[in-house]
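Let's walk through this structure together, strand by strand and then out into the loops. Keep the sequence beside the 3D view as you read.

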Amino acid sequence: MAAAMLFAAPFITVTDDNGFPVAGALISIFEAGTASSVDVFHDSDLENAWTQPIQCDANGKTSGPIFVSPTPSLKIVVTDSDEVPVPPYPVDDWTPYALEN
């Protein structure tokens with residue numbers, strides 16, 4: 001099965017409006033327009049699933065890339081560790097970054 005990266009950069013860093021990392025940020029991925037979560041993976045073979053929400057470290061970074069199976073669009077919800085949304089999230093109708101074969 002083909003894979004797509006959720007974001008263009010392999011490791012995601014969540015920052016606030018001032019550009020500072022959001023320690024312990026939480027990332028959740030859903031089908032666009034819904035509250036139905038989508039499986040996301042550590043690897044492009046789509047075999048090693050992330051547990052959601054994906055928790056970022058003290059520097060606001062994920063521990064690896066986030067892959068999804070190709071899909072028309074997703075809803076991305078990013079919050080701080082207290083589950084307060086981090087602007088500009090949530091974002092609906094997000095299109096994953098396609099991987100070239």
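A good place to begin is the pairing of β2 with β5: the two strands run antiparallel and are joined by 6 bridges. To find one of these bridges in the view, look for serine 28, whose partner in β5 is valine 77. Please bear in mind throughout that you are looking at a predicted model.

β2 has a second partner as well. It is joined to β3 by 2 bridges, again in the antiparallel sense, and here leucine 26 stands opposite glutamine 55 of β3. As for solvent, β2 is mostly covered, with 5 of its 6 residues buried.

What, then, lies around these strands? In soluble globular proteins, nonpolar side chains tend to be buried together. In this model, the largest nonpolar core has 21 residues, and the members that touch the most others are Leu6, Val14, Ile27, Ile29, Ile66 and Ile76. Two elements, β2 (26-31) and β5 (74-79), each give two or more residues to this core. β5 supplies the largest share, 3 residues. Apart from this core lies another one, made of 5 residues, including Ala3, Met5, Phe41 and Phe67.

Isoleucine 27 is a helpful residue to centre your view on. Setting aside residues up to four places away in sequence, isoleucine 27 touches Ile12 and Val14, then Gln52, Pro53, Ile54 and Cys56, then Thr62 and Ile66, and finally Ile76, Val77 and Val78.

One name in that list, threonine 62, deserves a visit of its own. You will find threonine 62 in the loop between β3 (54-55) and β4 (67-68). Is this loop residue buried or exposed? Threonine 62 has a relative accessible area of 4%, which is under the 20% cut-off, so it counts as buried. Leaving aside neighbours within four places in sequence, threonine 62 is in contact with Phe11, Ile12, Ile27, Trp50, Ile54 and Cys56. Its side chain also has a polar atom that lies 2.8 Å from the backbone oxygen of glycine 64.

Now let's turn to the backbone. Most residues other than glycine have a negative phi, and most peptide bonds are trans. Which peptide bonds are cis here? One runs from proline 87 to proline 88, with omega near 10°. Another joins tyrosine 89 and proline 90, where omega is about 5°. Proline 88 lies in the loop between β5 and β6 (91-94), and proline 90 is found in the loop between β5 and β6 too.

That loop also holds glutamate 83, which has a positive phi of about 65° although it is not a glycine. With a relative accessible area of 60%, glutamate 83 is over the 50% cut-off and therefore counts as exposed. Moving on into strand β6, you reach aspartate 93. Aspartate 93, which is not a glycine either, has a positive phi of about 65°. Its relative accessibility is 55%, so aspartate 93 is also exposed.

To retrace the route: we started with β2, paired with β5 and with β3, and moved on to isoleucine 27 and its contacts. From there we visited threonine 62, buried in its loop, and ended with aspartate 93 in strand β6.

Notes:
Residues numbered from 1 in each chain as written. Predicted model: local features only at pLDDT ≥ 70, side-chain atom pairs only at ≥ 80, totals over all residues. Heavy atoms only, no water. Core = buried A, V, L, I, M, F, W, Y, C linked by side-chain atoms within 4.5 Å. Buried < 20%, exposed > 50% of the residue type's maximum accessible area, 1.4 Å probe, protein only. Helix = DSSP H or I, 4+ residues; strand = E, 2+ residues; numbered from the N terminus. Contact = heavy atoms within 4.5 Å. Polar contact = N/O pair within 3.5 Å; in protein donor to acceptor, adjacent residues only side chain to side chain. Pairing = 2+ DSSP bridges.
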